[in-house]
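Open your viewer and get ready to click through a few selections. Each stop below tells you what to pick next and what you will find there.

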Amino acid sequence: MIVEEITNELFKMQDVKYRDFNSKLIPTVDKESMIGVRTPELRKYAKQLVKREDVREFLHSVPHKYFDENQLHAFILAEIKDFGVCLEEVKNFLPYIDNWATCDQLSPKVFKKYRKELLTHIKEWINSDKTYTVRFGIGMLMEHFLDEDFDPAYPEMVAEIRSEEYYINMMTAWYFATALAKQYEQVLPFIENKKLDTWTHNKAIQKAVESYRITDEQKTYLKGIKVKGK
């Protein structure tokens, strides 16, 4: 079976020191469920597996036992060239994502060619009750809709999100920091008018100020509109 074959191959690529280091960065994942395969190895293996006819057997064997299998799953989806097939597989996988790393690594290449079709699904993901589905939706808006396809309606969608989940709020802050770097004049009013909750507002400013894409003058102004005492 391909599932057992993949697990065995992953253990052959195991780097225990890397596992121990990585486990500290992803506190929501049990260290015992980490094999410790480095990202370049997983990407290389994913490109081999996506060509196999039986790869869907692995993709549908969720929930996976190991974190590295989730990472591999994300990288396989990134290589699927048929938009419809890729979208279906992403939707099947999203409910099983349980950490920020797998969520953020999931970035199908084919989505770039189908942004218009993708937008409807992004709206659904952002309104999900699952933490990492929401985070993924925000991430897709950040990746695909901050350049030539930008519309002020998109940061409005993100600004309306209210959550107690750290990993959603952190992604929202990251989104607005990136949006300020790319669309400063159009996104600044969201910060000036305090459209975000206080923690996310301040975190977005912090991340923006850390960016080399924000001018010194802009950084000074942003620092001045942080909410004090928070």
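Is Cys86 buried or exposed? Select Cys86 in this predicted model: with a relative accessible area of 0%, Cys86 is buried.

**Stop 1: the cysteines**

Keep Cys86 on screen and add Cys103, whose sulfur is the nearest cysteine sulfur to that of Cys86, 14 Å away. A disulfide is a covalent bond between the sulfur atoms of two cysteines. With 14 Å between the sulfur of Cys103 and that of Cys86, the two are too far apart for a bond, given that a disulfide calls for sulfur atoms within 2.5 Å. The structure holds zero disulfides. Cys103, like its partner in this selection, counts as buried: its relative accessibility is 2%, and that of Cys86 is 0%.

**Stop 2: the loop between α4 and α5**

Now go to the loop between α4 (55-59) and α5 (67-79), where you will find His64. Pro63 sits in this loop between α4 and α5 too. Check the peptide bond that joins Val62 and Pro63: it is cis, with omega at about 0°. For comparison, most peptide bonds are trans.

Next, show the side chain of His64. His64 counts as buried because its relative accessibility is 11%, below the 20% cut-off. Two polar partners are worth displaying. The side chain of His64 reaches the backbone oxygen of Ser61 at 3.4 Å, and a polar contact of 2.8 Å links it to the side chain of His73. To fill in the surroundings, select the contacts of His64 beyond its neighbours within four places in sequence: Phe58, Glu69, Asn70, His73 and Phe93.

**Stop 3: the largest pocket**

Turn to the largest pocket, with a volume of about 180 Å³. Its lining has 18 residues, and those closest to the centre are Tyr18, Asn22, Ile26, Phe67 and Gln71, so centring your view on these five is a handy way in. Colour the helices next: α2 (16-25), α3 (39-49), α5 and α7 (100-105) each give at least two residues to the lining. By type, the lining divides into 10 nonpolar, five polar and three charged residues.

**Stop 4: an unusual phi**

Finish at Lys194, in the loop between α12 (184-192) and α13 (198-209). What is the phi of Lys194? The value is positive, about 50°, although Lys194 is not a glycine. Most residues other than glycine have a negative phi. Switch on the surface here, and you will see Lys194 partly exposed, with a relative accessible area of 47%.

Definitions and conventions
Residues are numbered from 1 along each chain as its sequence is written. This is a predicted model: local features need pLDDT of at least 70, side-chain atom pairs count only at pLDDT 80 or more; totals for chains, interfaces and linings use all residues. Side-chain values use heavy atoms; hydrogens and water are left out. Helices (H or I, at least four residues) and strands (E, at least two) are DSSP runs, numbered from the N terminus. Buried means under 20% relative accessible area, exposed over 50%, partly exposed in between (1.4 Å probe, protein chains only). A polar contact is a pair of N or O atoms within 3.5 Å; within protein, one must be able to donate a hydrogen and the other to accept it, and residues adjacent in sequence count only if both atoms are side-chain atoms. Contact means heavy atoms within 4.5 Å. On a 1 Å grid over the protein atoms alone, a cavity is a set of points where a 1.4 Å probe fits but cannot get out, and a pocket is an open set with protein on both sides within 12 Å along at least five of seven lines; lining residues have an atom within 4 Å of a point. Grid points are joined across faces, edges and corners, and a volume is the space filled by probe spheres set on the points. Ala, Val, Leu, Ile, Met, Phe, Trp, Tyr, Cys and Pro count as nonpolar, Asp, Glu, Lys and Arg as charged, and the others, Gly among them, as polar.
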